[in-house]
Amino acid sequence: MIEITAKNIGSKEIAGMQIPTSPAESQAPQIWQQFMPRRNELEGTEDDVYYSIQDYPADYPWGSYDPTAQFTTWAAREISKDCILPDGFSQTKIKGGLYAHFIHKGTSACLSDSMIYFHTQWLPKSGYTLDKTRLHFERLDRAFLGPENPNSEEDVYIPIIPNSK
């Protein structure tokens, strides 16, 4: 069982590489393979901290599982305000606000189990709903030992808003 809390965070300027993907045909490994050799070209604010970002379109089918539904995935890091963006990199902003936060322990392939628990168990009982206007992301620091390491930890952040009354 994972422990999920609501957490306010500040905005972050992010730069990295992005690619269209879907649950059925994940392109995440490919974008990380492109990003990691070039990561030090970005002037970051934290050493060895990276962000795996999911940017879902407004019409993403949250109500029903569609393994072919497209979204954009990023391999990125936080950048300094005066960072000059090298060729091949894109920039975005993680907007501050309220996020559901939990630590996923295990392989990246098992992250889907944590996400199923979040969407089917925690969220319906939480008093919150998804904020479909903000990015979802995982913060990967020194506790992340690689996508296939069962001892890896990822800080997962999912944007939420209080339910309307």
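# Group meeting: a walk through one chain

Let me start with one residue, Ile-161. Setting aside residues up to four places away in sequence, Ile-161 touches Gly-127, Tyr-128, Thr-129, Leu-130, Asp-131 and Arg-134. Ile-161 sits in strand E9. Is Ile-161 buried, exposed or partly exposed? With a relative accessibility of 34%, Ile-161 counts as partly exposed. I also looked at its distance to a residue far back in the sequence, Ala-6. The two are 155 residues apart along the chain, and their C-alpha atoms are 9.6 Å apart in space.

Before I go on, please keep in mind that this is a predicted model.

Now let's step back to the whole chain. The chain has 2 helices and 9 strands. Reading from the N terminus, the order of elements is β-β-α-β-β-β-β-α-β-β-β. The radius of gyration is 16 Å, and the globule rule gives 15 Å for 165 residues, so the chain is as compact as a globular protein of that length. If you like to think in boxes, the C-alpha atoms fill one of roughly 45 × 30 × 30 Å along the principal axes.

What share of the contacts with a separation of 6 or more comes from residues 24 or more positions apart? For this chain the answer is 77%. As for burial, 42% of the 165 residues count as buried. The accessible surface comes to about 9200 Å², and carbon and sulfur atoms account for 50% of that. On the charge side, there are 15 positive and 22 negative charges, and the mean positions of the two sets are 7 Å apart.

On to the rings, which I enjoyed looking at. The count comes to 15 aromatic pairs. Let me pick out Phe-137 and Tyr-157: their ring centres are 4.7 Å apart and their planes are at 10 degrees, under the 30 degrees cut-off, so this pair is stacked. Where do the two partners lie? Phe-137 belongs to strand E8, residues 136-140, and Tyr-157 to strand E9, residues 153-162, so the pair ties together parts that are 20 residues apart in sequence. Both partners fall under the 20% limit for burial: Phe-137 counts as buried because its relative accessibility is 1%, and Tyr-157 counts as buried because its value is 7%. So strand E9 gives us a buried Tyr-157 and a partly exposed Ile-161.

There is also an aromatic cluster to find on your screens. Which residues form it? Trp-32, Phe-35, Tyr-50 and Phe-89 do. Hold on to Phe-89, please; we will meet it again shortly.

Next, a few loop residues. Between E8 and E9 we find Pro-147. Pro-147 is partly exposed, with a relative accessible area of 48%. Beyond its neighbours within four places in sequence, Pro-147 is in contact with Thr-107, Ser-108 and Ala-109. Coming back to Tyr-157 from the stacked pair, Pro-147 is 10 residues from it along the chain, with 17 Å between their C-alpha atoms.

The loop between H1 and E3 holds Glu-41. Glu-41 is partly exposed, at a relative accessible area of 38%. And here is Phe-89 again: leaving aside neighbours within four places in sequence, Glu-41 is in contact with Pro-86 and Phe-89. So this loop residue touches a member of the aromatic cluster, because Phe-89 is on both lists, and contact here means heavy atoms within 4.5 Å. How far apart in space are Glu-41 and Ala-58, C-alpha to C-alpha? They are 32 Å apart, with their positions 17 residues apart in sequence.

Asp-47 is in that loop as well, between helix H1 (28-35) and strand E3 (50-55). At 60% relative accessibility, Asp-47 counts as exposed, whereas Glu-41 is partly exposed. Asp-47 and Gln-18 are 29 residues apart along the chain, and their C-alpha atoms are separated by 21 Å.

To close, I would rotate the model to strands E8 and E9 and look at the stacked rings of Phe-137 and Tyr-157. Then turn to the contact between Glu-41 and Phe-89. Thanks, everyone, and I'm happy to take questions.

Notes:
Residues are numbered from 1 along each chain as its sequence is written. This is a predicted model: local features need pLDDT of at least 70, side-chain atom pairs count only at pLDDT 80 or more; totals for chains, interfaces and linings use all residues. Side-chain values use heavy atoms; hydrogens and water are left out. Helices (H or I, at least four residues) and strands (E, at least two) are DSSP runs, numbered from the N terminus. The radius of gyration is taken over C-alpha atoms; the globule rule is 2.2 Å times the number of residues to the power 0.38. Buried means under 20% relative accessible area, exposed over 50%, partly exposed in between (1.4 Å probe, protein chains only). Accessible areas come from the Shrake-Rupley method with a 1.4 Å probe; for residues, only the protein chains shown count as cover. Lys and Arg count as positive and Asp and Glu as negative; His and the chain ends are not counted. The place of a charge is taken as NZ of Lys, CZ of Arg, CG of Asp or CD of Glu. Rings of Phe, Tyr and Trp (its six-membered ring) pair if their centres lie within 6.5 Å; planes under 30 degrees apart count as stacked, over 60 as edge-to-face and the rest as tilted.
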